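Here are some comments to read alongside the coordinates, arranged by helix and then by core.

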Amino acid sequence: MFGSLGIHNYRLYASGQIISLVGVWMQRVAQDWLVLELTNGSPVALGIAASLQFLPVLLLSMWGGVLADRMDKRKLLLWLESALGICALALGLLDVTGVVELWHVYVLCFLLGCFSAVETPVRQSFVVEMVGRESLTNAVALNSMMFNLARIIGPAIAGVTIVAIGTGWVFLANAISFVGVVMGVWLMRTHELMRSEPVPREKGQLLSGLRYVKHRPDLLTVMLLVFFIATFGMNFYMTLAIMARNVFKGDADAYGLLSTLIAFGTLAGATWAARRKTPRLTVFIGSGVVFGALEIVSGLMPTMLLTGLMMIPVGIAMMTFNTTANATIQLAVEPEMRGRVMGIYMLVFLGGNPVGGPLMGWLGEINGRAPIVIGGAVSMLVTITAWIILMRRGDIAKPRLRRKKKQKPVELSPAELQPSDR
């Protein structure tokens, strides 16, 4: 399960990443709560902040993939992680000094989104250079485990810290946490990296990545499902805050508790994924259907405790879906296209948030439970539809979905055999 940690460079990367991810999750909770405090609990304002943070994904994620194919990924990560830390520092100083306004949060959400949109495909495609193809599936799963372990620790710390000393100090703590990941990347043994040859700068490289995915039905199927489920079903950064504050009348620690419980589920899902050697389409499709059904049930729970307990299986299904999709994409592409394909993947994974964020915020204004219930219904319906289409088309997905019955060999008489068969 932890095989990739035996690789020196990945071990450095992981040790810095876990520190930084705890800070990122602390900031995510604090940022959402700060917006709600500045707007007297407006779900629409929260949706706008989310949209501004994810809008740059539409504009920059594919260009981030192009840069990943063209340039030294390690050096790019050093600059990008430093820039993300500076954004957290700026928001923390504004908040601690008491001068923060809503437009400050909006501007920094947008800047944070710009750097994240470029950093994510670079970081995703850098994993294979640290561990190689044979350890890629394990490393992807371990990345998810770190992400979700931080998702447990970060919101819990943030909820208590916000109540005790306010949101500003949470942002400053996140800024300091970026020192860990920057140092981890800086100290790597560059001669041990399994780098692919940089792609020469040419015109049309962005379009060539799109054409590559267009002509790969396996990649296209995965990406379409990821887009719909991520856009409408995985808005927990916003929907849980709305449920905690507006439905159950809780405080920041209630939001932190819900976020922590779903993180327990996603950590369990990532742990299971680390044990699997290869991704399977049946697991990918099945987890999408189960995720949608469980999300509907969680949105209908009458108490916060029951909602929180339902978040655990929801998290398991969600992370099973995500890790299977990520591993499928990374293992299916050629090295010279990996950066661009991962840029497209991050576009479909995060790019729907500028649409889904305001829409779910509007639904939250009408009914606090509606975003989770409707998001689950859309996820389940889209996945079932895709499953039916794949079955009817009989394309590459069908053999994985249905086992063919073994047929007895037909014995031919010597007279029936062709000369070549003899």
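The points below take up two helices, one buried serine and the nonpolar core.

1. Please keep in mind throughout that this is a predicted model, and that the distances, angles and accessibilities quoted below were computed from it.

2. Helix α2 covers residues 43–70, and its 28 residues reach 41 Å from the first C-alpha to the last, close to the 40 Å expected at 1.5 Å a residue. The helix nevertheless deserves a look at L59, where α2 bends by about 50°.

3. S61 also belongs to helix α2. Its relative accessible area is 1%, and because buried means under 20%, S61 counts as buried. Leaving aside residues up to four places away in sequence, S61 touches P56, A117, P121, G343 and L347.

4. Helix α3, residues 73–96, has 24 residues and should span 34 Å at 1.5 Å a residue, which agrees with the 35 Å between its end C-alpha atoms. At the N-terminal end of α3, D72 acts as a cap, with a side-chain oxygen 3.0 Å from the backbone nitrogen of R74. After α3 comes G98, which has a positive phi near 80°.

5. The largest nonpolar core contains 122 residues, and those with the most contacts inside it are Y10, M130, V226, F284 and Y345. Helix α1, residues 8–38, contributes the largest share of this core, namely 14 residues.

6. For a closer view of one of these core residues, F284 can be selected together with the residues that it touches, which are V222, L225, V226, F321, T324 and A325 when residues up to four places away in sequence are not counted. V226 is thus both a contact of F284 and one of the residues with the most contacts inside the core.

Technical notes:
Residues are numbered from 1 along each chain as its sequence is written. This is a predicted model: local features need pLDDT of at least 70, side-chain atom pairs count only at pLDDT 80 or more; totals for chains, interfaces and linings use all residues. Side-chain values use heavy atoms; hydrogens and water are left out. Helices (H or I, at least four residues) and strands (E, at least two) are DSSP runs, numbered from the N terminus. The expected span of a helix is 1.5 Å times one less than its number of residues. A polar contact is a pair of N or O atoms within 3.5 Å; within protein, one must be able to donate a hydrogen and the other to accept it, and residues adjacent in sequence count only if both atoms are side-chain atoms. A nonpolar core is a set of buried Ala, Val, Leu, Ile, Met, Phe, Trp, Tyr and Cys residues joined through side-chain atoms within 4.5 Å. Buried means under 20% relative accessible area, exposed over 50%, partly exposed in between (1.4 Å probe, protein chains only). Contact means heavy atoms within 4.5 Å. The bend at a residue is the angle between axes fitted to the seven residues ending there and the seven starting there.
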